[in-house]
Amino acid sequence: MHEHDEPLRDLLVILRHAPHGSSWLKEGLDAALVAAAFGQSVSLLFMGEGVMALMPGQGPGPLEQKGTAATLEMLEMYDIETLLVDAEALSALGLSADELMLDVTPVSTEAISEALSAHCLVLTF
Amino acid sequence: MLLHVVNRSPANSRVYEQALSGMGPDDVLLLIEDGVQGALPQLVRYYAEIEGRLFALREDLEARGLLGRCAESVQVVDVDGFVTLTEEAERTVSWY
């Protein structure tokens, strides 16, 4: 029982953590890739600090820790093409969508709640 | 209707903002663990926009000595009520 005409997509992964500071972002991306590899339709939503994942020109950490930028570049190969980004979080960091490393769709607060109700499963990382 | 669950206090964490962003007009929010601090009259203002759709978990309020100190607009539910909310909701989303 839902109000949408369009069928629900399988999985929305919400990414709320910046790269390098913790493993949350990597874990969330891994979950998305695994689901996509099993044929699920997956969307990503970058919220809050998670938008930092999309900064161009990221490198390894000071101790050569691998970042997440390489994983993001693989999303297309896994058919993960719905990339939503919290427009408010972007402007809070002084960023605009067109300077990010991937082609993403900025979404308003209202569209965020719509995205949540349009997926069968929401995982928050 | 989605059930959103928040376990952090709005006094210490801004995760409540993300939960509110994720809430549709019919969605409800349940405060658990440290999140129940948000039910106090001094902090409930953070949830003003969802008045009438805010719940707090009785067991976590009791454990913290906060039962009876909640703002009137907050609906207190016990664990059975938590289960009922999850049954009524299409899905549950956790914010932590």
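This text walks through a predicted model of chains A and B, starting with the fold of chain B.

Chain B holds three helices and five strands. Read from the N terminus, the order of elements is β-α-β-β-α-β-α-β. The C-alpha atoms of chain B occupy a box of roughly 30 × 25 × 20 Å along the principal axes. The radius of gyration of chain B is 12 Å, and a compact globule of 96 residues would have one near 12 Å, so the two agree. Of the 96 residues in chain B, 38% are buried. Contacts in chain B also reach across the sequence. Among those between residues at least 6 apart, 64% join residues at least 24 apart.

Strand 1 of chain B is a good place to enter the fold. Strand 1 spans residues 2-6 and pairs with strand 2, residues 28-31, in the parallel sense. Four bridges hold this pairing. Two of the facing pairs can be named. B:Leu3 stands opposite B:Val28 of strand 2, and B:Val5 stands opposite B:Leu30 of strand 2. Strand 1 of chain B has a second partner in strand 5 of chain B. These two strands also run parallel, joined by five bridges. Here B:Leu3 has B:Thr92 of strand 5 as its bridge partner. B:Leu3 thus has a bridge partner in strand 2 and another in strand 5.

How many of the five residues of strand 1 of chain B are buried? Five of the five are, so strand 1 is largely enclosed by the rest of the structure. The burial covers both faces of the strand. B:Leu2, B:His4 and B:Val6 point one way, B:Leu3 and B:Val5 point the other way, and all are buried.

The sheet continues from strand 2 of chain B. Strand 2 pairs with strand 3, residues 54-57, again in the parallel sense and over three bridges. B:Leu29 of strand 2 faces B:Leu54 of strand 3 across this pairing. The link from strand 1 to strand 2 deserves a look too. Strand 1, helix 1 and strand 2 of chain B form a right-handed β-α-β unit.

B:Leu29 leads on to the interior. In general, nonpolar side chains of soluble globular proteins tend to be buried together. The largest nonpolar core of this model has 54 residues. Which of its members touch the most others? They are A:Val13, A:Phe46, B:Leu29, B:Leu31 and B:Ala56. This list draws on chain A and chain B. Strand 1 of chain A, residues 9-15, supplies the largest share of the core, with five residues. B:Leu29 itself has a varied set of contacts, leaving aside residues up to four places away in sequence. B:Leu29 touches B:His4, B:Val6, B:Ala19, B:Met23, B:Tyr47, B:Ile50, B:Arg53, B:Leu54 and B:Phe55. Among these, B:His4 and B:Val6 belong to strand 1 and point the same way from that strand.

Now to the contact between the chains. Chain B contributes 11 residues and chain A contributes 12. On the side of chain B, helix 1 (15-22) and strand 5 (91-95) each supply at least two residues. Strand 5 gives the most, with four residues. By class, this side of chain B has four nonpolar, five polar and two charged residues. Two elements met above return here: helix 1 belongs to the right-handed β-α-β unit, and strand 5 runs parallel to strand 1.

A few loop positions complete the tour. B:Glu33 lies in the loop between strand 2 and strand 3 of chain B. Its phi is positive, about 45°, although B:Glu33 is not a glycine. With 17 C-beta neighbours inside 10 Å, B:Glu33 counts as partly exposed.

Chain A offers a similar stop. A:Asp79 sits in the loop between helix 2 and strand 3 of chain A. The phi of A:Asp79 is near 60°, a positive value in a residue other than glycine. A:Asp79 is partly exposed, with 13 other C-beta atoms within 10 Å. A:Met77 lies in the loop between helix 2 (69-73) and strand 3 (82-86) of chain A. Is A:Met77 buried or exposed? A:Met77 is exposed, because just 9 other C-beta atoms lie within 10 Å, and the cut-off for exposed is 12 or fewer. A:Met77 and A:Glu88 are 11 residues apart in sequence, and their C-alpha atoms are 28 Å apart in space.

Notes. Residues are numbered from 1 along each chain as its sequence is written. Chains are lettered from A and ligands numbered from 1 in the order in which they are written. This is a predicted model: local features need pLDDT of at least 70, side-chain atom pairs count only at pLDDT 80 or more; totals for chains, interfaces and linings use all residues. The radius of gyration is taken over C-alpha atoms; the globule rule is 2.2 Å times the number of residues to the power 0.38. A residue is buried if 20 or more other C-beta atoms lie within 10 Å of its own, exposed if 12 or fewer, and partly exposed in between; C-beta atoms are placed from the backbone. Two residues are in contact if their C-beta atoms, placed from the backbone, lie within 7 Å. Ala, Val, Leu, Ile, Met, Phe, Trp, Tyr, Cys and Pro count as nonpolar, Asp, Glu, Lys and Arg as charged, and the others, Gly among them, as polar. Two strands pair if DSSP finds at least two bridges between them. A crossover is right-handed if, with the strands pointing away from the viewer, the path from the first strand over the helix to the second runs clockwise. A nonpolar core is a set of buried Ala, Val, Leu, Ile, Met, Phe, Trp, Tyr and Cys residues joined through C-beta atoms within 7 Å.
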